[in-house]
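Hi,

Here is the structure I promised to pass on. Have a look at it first, and then read my notes below.

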Amino acid sequence: MKKILALVLALAMVFALAACGGKSADTASSSAPAADESGGVVKIGVFEPQTGDNGAGGKQEILGMQYANYVQPTVEIGGKTYEVKLEIVDNRTTAENGPSAAAELMNRDVSVVLGSYGSGVSMAGGAVFAEAGVPAIGVTCTNPQVTSDCDVYYRICFLDPFQGTVLANYAYNTLGVTSAYTLAMLGSDYDQGLVYYFTEAFKALGGTVKNEDFPEGSANFVSYINNAKAEGAGVIFAPVSTNYAQLIIEAASAQNFEGTLLGSDTWDNNMVVESAQGKAVTVDITTFYQEGGNAEFDSGIKEWINANADAKTNNGGNDMVSAVTAMGYDAYFTALEALKAAGSTEPSAVLAALPGVHYTGVSGEIAFDEIGDAKRDAAYIKTANTETGAWDFVTIQGVN
Amino acid sequence: MQGLLPYLINGVSVGGQYALIAIGYTLVYGILRLINFAHGDVFMVAGLIMVYSSATLPMYLAIPLVLLLTVALGFVIERAAYKPLRSAPRMSLMISAIGVSYLIQNLAFYFTGGLPQPVTNAIPWISENVTVFGESTKRVTLVTPVLTAVLVAALVYFINHTKIGMGMRAVSKDFETALLMGIKINSVISMTFVVGSFLAAVGAMLYFTNYPSVAITSGGMPGLKAFVAAVFGGIGSIPGAVVGAFLIGISEELIKGIGYSTFSDAFTFALLIVVLCVRPTGLFGEKVTDKV
Amino acid sequence: MKTIKREYLLTALILLAVLVGAFVLDASLPSYHIAIKVVKKACVYSLVAVSMNLLNGFTGLFSLGQAGFMLLGAYSYAILCIPVAKRAGVYQYFDGGIVQFSLPEFFSGFLGGTVGPVVGMLCALLFGGLLTALCAYLIGLPVLRLKSDYLAIATLGFAEILRAFFQWNALGPLTNGSNLLKNYPDIGGAAAYILLVGVFIAVILLLVNSTYGRAFMAIRDDEVAAEAMGINLAHHKRMAFIISSFFAGVGGGMLAMYMGTVQALSFKSAMTYEILLVVVMGGIGSITGSIITSFLYIAGLEWLLRGLDSGTFLGISSPIFKNGFRMAIVSVIIMVVVLFFRKGIMGDRELPDLFRPRKKAAKKGGEAK
């Protein structure tokens, strides 16, 4: 009796698996015509980390998309009005979770994907998007390879070579520093990539650079700060994730580091600026957007965040607008433009329409070059105001 | 490398933090022959409790609450996850410890939303900056080794001169004989976990005052390193764990100082392997003969 | 006699059904479908879990170096298989790296475009396994003298040291430092993975049923008695360690194939713990158990239980279903198994044992293995 039961169960499992697969394939084909008749729903996939090292940034990026979805919940495609639904999947920051999270999105029949915060996981997911032929719009993944190696990946932000060079120029020309110290997490391609470009550019300008790495999970940055002081470095460039940024600020303040802490777009987070509040440190960062750049957007999203407890928690407990949030907002509207231009919810049509999309977002003009990267030639530089605990605008810096 | 001093000061402070965790490992190992993988996570939870309690309560209430809840957590872990396996093979016990560690991390993940929690209300006074011999540092850096020394002295007194301390020594010498002699094994073991968790809570408060951000993986590395320290000093020996912790703390900072930070973690493990192969009983460990 | 035959017949039928199911899956679904991703990942986890079981379950050596060995296999596979034309892009910070050939391309040179790449990929996998085995031999020299928990912590340490080395920028031209390795080929769909893993597991099964396997189990049950029976402890422990590492390396290579990108950061001790817990839940000493649990675990985690994280599960919506709930539930289940069902779902039984009447299973358990 038992063995028959076991056999039946085993067979049932196999069939269930096959049936499951079959069923979802059916729904995929049947949902498309149904949507055409009544308008229906168009799904935009959100491929973002909600947990892990980049969880904080990913959540803020999602906020921008959710707010955009709240502002503009429908889109007109091919003469019919569609309701836009965000399908959010957590990719847990790390590359090994990228493929299954991406496959999950494909399973939900999305027309276009937005994300991710963090380049490594974007590249891991990109392979799946390419397999499925679904276009993806990178929001703040800055590694050149995200788009150069993937035909379906586009992005609306600037790239690491650009950002690294901007920071090097800023440090050398504006701050007048000739000796720099860089700190990157071992194993993080984002950190290491930016440090590479920064070092290249800074050395080309005539400066000296000392590179060091710290192992993942480090909390004690005191000795690194001491090393930087020993090198006589005028800036510490540390393009690290939010958590480490807070700890580095803390250590720099404890060790009384007198130079400037230089951060990248990951530092543009209210948790970072709050940890600098009341401390004797100078923190300068590059970013995509400066709060106050678009008054209408700022007041609208603040109101929305304040009215929404979950959103406020995800934003770090206040209504400060991060650049990644603005970028998420722009990415959503870029996706809508692409859908309109495609005249269809078919991923292939959206993919074909994406290269021609032009959109003026809150973070500036968005248009793509032949690789799929945004044409951007300026970054915002902000500094942490240690009295108010907010970012102050410094300048707009280009590479020249 | 600049002057040696800032690295030494920092190394001593790091060593003190490791020492407080290492004692928890060494006590438990001495009695149960169990590497309590969950100990680092207890340390992390203590940090989280500190974040939440200091945000809502005044400091004179928050600190006792952290100690109390952490001790309770250590007690509950022992009762729930280790006590049912007392007669099981040691491997099951270790697997249970790994399972508990996994569970605590995932629960912490759920409750924090997976985001690192910044310590916004640091303990006053010890989080202020001071200048020692012309080097700036936080006061907690100086307080940590002193507090560690005081607590260790108290612990040694407790183990050598109180009844339950004697019980602990007896159980670690010979589990079954101690049982036959009428020692309440379960309460002695619970006491071990209570003491270990208490010290971990103190360690966490110092650690997260110095490095004010608690991630769910924050306990992992300090935990492993403290364990290495315990092995280095001779597992089961309290002075050994403390000396081992200070040595590891200092050498780690010196390695960063000479520019090999890539291997600052790897060094600790290399040291562990060398010690295990050359002198498995560590610096102060007693020679234990395996019973067949 | 007849009953035994029928048990194996049924087992063979089930394995056949699984294989047919995989082919059906490949044929009916697009390659990016979540079901195929799940089957692939579960296959890889099965292999890795079985290799860990060989060491921890059958030989009784408690090693926690699995992630480190997988890292070696994964990097070997990736480094050997990236097409030459893509190397400049992948090794963007290291001038294209120092390895300037690609096994799949090399073999397609004289075996043709269809067979060649597959042979190349298999060679890369096996090379990864051999390299890992060599590394295990070297690590084993000092480490295998240690007893249970010391061995565990020492192997854990080795895995962490390996990871630091692979991320070291000085080795960048070979390992690409902290950056991703990618653009290398994948061997195929779900069926290919099942076939490949099936072959490897069959080898392990043959090994377990050989003299070596019996010696391993004797060591697990009682080292002193085993030695008294004339089993060379050091030799057999080393063999078990090396063989297990070989398959961990191959499994790592397959994980790299599945993931499409490799980064040393993925191979943390958390990965070892995860695999260990899969082994424990399946039953320490049961190959079938490790395989079944791998499939259940991966399918649950990556697919079926995702609803627990995103608000709606089985049609029930609840505010407690938020991010992280899935992992919390899984870890609670693990603790329940560890504490109350210590034998896991299979104990030390294998698939054919399930088709035997209870009484006989107990008597013939040893023989079947």
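In chain C, what share of the contacts with a separation of 6 or more comes from residues 24 or more positions apart? The figure is 74%. Before you read on, keep in mind that this is a predicted model.

Let me stay with chain C for a moment. The chain has 16 helices and four strands. Its radius of gyration is 21 Å, close to the 21 Å that the globule rule gives for 369 residues, so chain C is as compact as a globular protein of that length. If you want a feel for the dimensions, the C-alpha atoms of chain C fill a box of roughly 65 × 55 × 45 Å along the principal axes. As for burial, 57% of the 369 residues of chain C count as buried.

Now for what chain C touches. Its contact with chain A takes 43 residues from chain A and 42 residues from chain C. On the chain A side, the elements that give two or more residues are α1 (2–38), α3 (98–107), α4, α5 (145–148) and α7. The largest share there comes from α1(A), with twelve residues. Sorted by class, this side of chain A has 21 nonpolar, 14 polar and eight charged residues.

Chain C also meets chain B, and that contact takes 34 residues from chain B and 33 residues from chain C. Here α4 (90–112) and α11 (264–278) of chain B each supply at least two residues of the chain B side. The most comes from α4(B), which gives 15 residues. The class split on this side of chain B is 25 nonpolar, seven polar and two charged residues.

Next, the inside of chain A. The domain assignment gives domain 1 (38–158 + 296–368) and domain 2 (160–287 + 380–397) of chain A. How far apart are the C-alpha centres of domain 1 and domain 2 of chain A? They lie 28 Å apart. The contact takes 19 residues from domain 1 of chain A and 18 residues from domain 2 of chain A. On the domain 1 side, α2 (55–71), α4 (119–132) and α13 (323–342) of chain A are the elements that give two or more residues. Of these, α2(A) gives the most, with three residues. By class, that side of domain 1 has six nonpolar, twelve polar and one charged residues.

There is also a strand pair to find in chain A. Strand β7 (residues 179–185) and strand β8 (residues 208–214) of chain A pair in the parallel sense over seven bridges. One spot to look at is A:Ala184, whose bridge partner in β8(A) is A:Asp213. Together with helix α7 (residues 189–205) of chain A, β7(A) and β8(A) make a right-handed β-α-β unit.

Last, a single residue. A:Phe257 lies in the loop between α9 (242–254) and β10 (260–263) of chain A. Is A:Phe257 buried or exposed? A:Phe257 counts as buried because it has 23 C-beta neighbours inside 10 Å, and the cut-off for buried is 20 or more. Leaving aside neighbours within four places in sequence, A:Phe257 is in contact with A:Ile225, A:Ala228, A:Lys229 and A:Ala252. For contrast, take A:Met106: A:Phe257 and A:Met106 are 151 residues apart in sequence and 48 Å apart in space, C-alpha to C-alpha.

Cheers

Conventions
Residues are numbered from 1 along each chain as its sequence is written. Chains are lettered from A and ligands numbered from 1 in the order in which they are written. This is a predicted model: local features need pLDDT of at least 70, side-chain atom pairs count only at pLDDT 80 or more; totals for chains, interfaces and linings use all residues. Two residues are in contact if their C-beta atoms, placed from the backbone, lie within 7 Å. Ala, Val, Leu, Ile, Met, Phe, Trp, Tyr, Cys and Pro count as nonpolar, Asp, Glu, Lys and Arg as charged, and the others, Gly among them, as polar. Two strands pair if DSSP finds at least two bridges between them. A crossover is right-handed if, with the strands pointing away from the viewer, the path from the first strand over the helix to the second runs clockwise. Domain bounds come from an automatic or database domain assignment. A residue is buried if 20 or more other C-beta atoms lie within 10 Å of its own, exposed if 12 or fewer, and partly exposed in between; C-beta atoms are placed from the backbone. The radius of gyration is taken over C-alpha atoms; the globule rule is 2.2 Å times the number of residues to the power 0.38.
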